[in-house]
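Visitor: Could you take me on a close look at one part of this model? I would enjoy one connected account.

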Amino acid sequence: MGKRFARWMAKRQHKRQKLLSALRWYGKWGEARMSAEEKIDYAGLLHDLGQSDRALALLELVLKSGEYAHAYERRAHIYNERGREEDAVADMDHAIRLDPEPYIYWYTRAVAHHDLGRYEEAVNDFREALRRRDDSKASTYYELGNVYMKTGRFPEAEDSYRRAATDPDKAIPHYYYRLAQSLERSDNIPDALIAIEAGIRLQDEWRKTEDKGAAAIRFRTNYSPAAVASFIGSADDEYGFRPYRARLLEASGRTDEALRTIEQTLVHYPDEPELELRRGCLIRDAGRAAEAAEAFERLTAREPSFLPAYMELATTHRVSGDYKRMTDTLLAAKERYPDHTVVRYWLADAYREGEQADHARIENEELTTLEPDDPLNWKQKAEIAIDGERYGDAEEALTRAIALDDTADARMRRSFSRYMSERYEEAMMDVQEAVRRDESLLLQSKTAYAMGELLVGMGNWELADKEFTRAIELEPGNAQLFERRARCRFSSDRLEDAKADCDRGLLLDLNHAGLNWLRGLIRYRLDDYEGALADSLAYSALAPEDSQGYHNLGLIYSQLDRNDDAIDAFSKSIELNPFEAQAYLERATLAYRYSFDRAQAADDLAQWLLYAGGEQPPGDRFALLADVPGFDDDMRERAKDQFLLRYGGSRYLS
């Protein structure tokens, strides 16, 4: 009588989900008096209460006595949770062979296939499960949607999640969360917001209950206690799904609403560093960098070991252009995490952006020593070298990066370093290899531009013209491309074509200095001196520190017989660059022929001799003077005397 009563109580309490009471009655009943099916139920109870080893041992005994489909299913369920998916699949193959009708057999095997990455098999098994039972379709559709998300089949995932959430009385917050994610992946942000808001409302309601919704989840899904606990934990990990809503709002350009959402979340989860971090980022994105910096500073003071706060504070200072505070922040992070390579990488970048080249170089050298197998560190080393015009060092660093990870980007940067070292053929080989690795580069104007520049370096104007033309076709609104093709055509003596390119480029950017300079030169060559003057004046206004602009103005004024203006222009050119010999010669010519100022002419000729003669001895310098037309012998002798008077015994001639 006692054992029969224990049996009745065990089953009754198990059915009523009073698991600990049921366990006590099962113990009083005794395994020896249980049938095989009753032992399988008992094993399920043991597993639900965390005694999985006892459950497996009991199921092993049952299966030694005979083949029971339900025993295989129970064991497969435990195997799934322990990461033994292959064993789970094998057990479910046996269960389905014995009895293909129960939906749970297909469902359990589908879960194992999913965990093994066998997604098509998982889809097929979930569909078989859906054909067999109506009361668990919501959770099955949810799991099927998860498989579709893994395989990038977002419309199918959306359909599955919608079906899971069709009946509000059977839905759980995660169904709406995953539906929102599938809609987001399909770029349907408005509907994703509607879905996640439904999930948040339900989660808020359940979080207020004593068990945080555990009973409701178990009732609606029939999941195991471990799975239910996992759902509750993941909802808390996602802070009730509000940060995800904030992200969707931010993606919609509704930054202020996103910020309010995070602040509401902090009411439910106060002082959470991740939420405080997100709040600071949104404040920064709203254009309030100073306020964001204060928020991050408070966070680093409260959580001094929370590295992301230092990184976001550094980013905020970078946005504000305050590289001193950026480097100070990263130095503080480095003090706490001296071997953290990302901190060291950012610090080197901060020094670089703050124009502290030596500090950047030293920091990067330590970084490449600390982490020599990361190609990004060598790329950074190359950029620092390029900043310092050390192109050989840059090439060496990029060669190391390519040895570690041969990417198109690294090839293009090494091509630039070789181009700057005038090693055009090798640079071209790098561009060609980059294109081979990433064919999309052929659709980018920068690639055609690079090839055009290399061909110019090789003196192949015809092919360079074709590459610049291709770049223009890909990016017709870029004035710089017209300037480069114009220079190419100018070098081929195609002056009218070059001028047409300048005209088109200046329609795009009237203040493009290079185009104004070049069109002025072309017009000068075409004897259009008034047009050349207008362009050269525009250039000098745009680049007032360039002596060449004033030199060109001097030549144009001379052609227009505006000799006083010409002298002023050459004088300005000399003021900006006192070592340019030709400007002295031009001013000497004007002084001699127009002003009749033989003293000024002699002085300028002496200066011309100094800079035009280079390292030549006086005799050879004076031979240069003999070859200059337009001066009489007396003028040449005066220039020699002036030169010897000034520089005859000086260091300039030693």
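**A repeat span and beyond**

Guide: Over residues 547–580 the chain is 79% helix and 0% strand, with end C-alpha atoms 9 Å apart (DSSP runs numbered from the N terminus: helices H or I of at least four residues, strands E of at least two). This is a predicted model, where local features need pLDDT of at least 70 and side-chain atom pairs pLDDT 80 or more, while totals for chains, interfaces and linings use all residues. Residues are numbered from 1 along each chain as its sequence is written, and side-chain values use heavy atoms, leaving out hydrogens and water.

The unreviewed UniProt entry annotates "repeat: TPR" on residues 547–580, and also on 69–102, 103–136, 138–170 and 445–478 (in the numbering used here, with shortened feature names; annotations may be inferred rather than shown by experiment). In residues 138–170, the end C-alpha atoms are 7 Å apart, and the span is 73% helix and 0% strand.

Now to a buried spot: Thr-261 sits in helix H16, residues 255–268. Its relative accessible area is 2%, so Thr-261 is buried (under 20%; exposed is over 50%, partly exposed in between, with a 1.4 Å probe and protein chains only). Leaving aside residues up to four places away in sequence, Thr-261 touches Arg-242, Arg-245, Ala-246 and Leu-249 (contact means heavy atoms within 4.5 Å).
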